[in-house]
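Biologist: I would like to go through the empty spaces of this protein with you, and to hear for each one what justifies the words used for it.

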Amino acid sequence: MDIWLERLDRLLTIIRPKAYNVIARIIIGLGVVLVAESQLNIVQAIVIAGYESLFGRSEILRNFMEGSSNHWIGLFLIVIGLIYHYLMTIGKEQVDLRLSEIPKKPILSIELLNADLEQYKDNSVNLRGCIVATPPENEIPEYKVNYNLPNMEGLNNFLNTFGNIERNPNFYKERGEFLKIWGGSELISLRITNLTPVLATGVKVEITLPRKKGVSADNTKDDFPPLPSEKARNQFGSLSALSIPHQTVHYDIKRDHNEQMYRFFWNIGNIQANTSCTSDTYIFLRSEESFDLELKIFCDQFDSPSIETYRVNRNNQPQTISVSQLMTENESFNELVCNCVMDGYIQRVAEKRLEEYEHESQELIPRG
């Protein structure tokens, strides 16, 4: 549609000379004369009289003038004149107005999303959950069962050795580490939208935030933090992993930190008109204090990058975890995780994936 408007504007410019009003008047005036002449034959009489006074009587001229007396030709010229005048005035103004409303440069809108893909409003990022303080590592016991059978030292040693062989001795410590890392943290993704019918080329987003004590950031593809496992890892896991070809992980949001700043770059490329693009990489963000996060949007059509600043606010309700809470049953620990980590995000994702698995297991579709 916009292309046709541009072509029409060029056509109107070509056929719109400075004296377009005079041209319109001449066409309309000629049409009026022809209409009047077809009714009164005044012009015919004048032309015939003038010619015959100079050259004598002419039957050919008389027959031609009589045959050309058609008022429809005059009406046609009047309509043409009026249409021409409308196109040169109101039509040209409307086309110019419509073209002026079309943005010559793309307008890009960027949104920050939390792990639930909910948009942060008012340029404010509120980290969910709460910062967790855990006991010192040397105060957290190993995860094992101590068998104590009276007068059976040999059996006690056997049971204590082989009864705990599948248990992860660092299970409680890993629970504390998990809460310490993920408590009050957030997984942030980005979505950018081209709001205009103009193609945006060479689009890139730069994210920067201060690199200082209490602030941690990294890029990650994992949207589901794994909970610590009670079972020990396979002691041959590292050897068996050697037989699996290493697959390079592609991050569309890449990092390039320096001593002062955490820096992330999202190279998007071209964004079609009126379309959106969402990152498939997350930015892990944890902070024990508030700070400003800056977004710069680069585009080939921009004279300078567009800059937006978000205020990142930590949760002001830190929680201290005791050793007994780390040693509690799974159900109680999962409730603790829901309170401390992204307002129950892990539980929501687990339930969603379980529903998807159950649906796929019951799905009956023909094999392709």
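Biologist: What makes the lining of the largest pocket divide into nonpolar and charged residues, with no polar ones?
Modeller: In this predicted model, the lining of the largest pocket consists of Ala115, Asp116, Leu117, Asp223, Tyr282, Tyr345, Arg348, Val349, Lys352, Arg353 and Glu356. Because Asp, Glu, Lys and Arg count as charged, while Ala, Val, Leu and Tyr are among those counted as nonpolar, the division comes to 5 nonpolar, no polar and 6 charged residues.

Biologist: Which helix gives the largest share of that lining, and how much space lies in the pocket?
Modeller: Helix 11, residues 345-362, supplies 6 residues, the largest share, and the space in the pocket is about 230 Å³.

Biologist: Why is Thr220 the polar residue in the lining of the second largest pocket?
Modeller: Thr220 lines this pocket together with others, including Glu174, Trp182 and Asp222, and since Thr is listed neither as nonpolar nor as charged, it counts as polar. The lining thus has 1 polar residue beside 6 nonpolar and 3 charged; helix 7 (residues 171-182) gives the most to it, with 5 residues.

Biologist: Why is the remaining space called a cavity, and what lines it?
Modeller: The word cavity is used because a 1.4 Å probe fits there but cannot get out. The search finds 1 cavity of 30 Å³ or more, with a volume of about 60 Å³. Its lining is made of Leu112, Ile188, Leu190, Ile207, Leu209, Ile283, Leu285, Leu293 and Leu295, and because Leu and Ile count as nonpolar, the lining comprises 9 nonpolar residues, with no polar and no charged ones.

Key. Residues are numbered from 1 along each chain as its sequence is written. This is a predicted model: local features need pLDDT of at least 70, side-chain atom pairs count only at pLDDT 80 or more; totals for chains, interfaces and linings use all residues. Side-chain values use heavy atoms; hydrogens and water are left out. On a 1 Å grid over the protein atoms alone, a cavity is a set of points where a 1.4 Å probe fits but cannot get out, and a pocket is an open set with protein on both sides within 12 Å along at least five of seven lines; lining residues have an atom within 4 Å of a point. Grid points are joined across faces, edges and corners, and a volume is the space filled by probe spheres set on the points. Helices (H or I, at least four residues) and strands (E, at least two) are DSSP runs, numbered from the N terminus.
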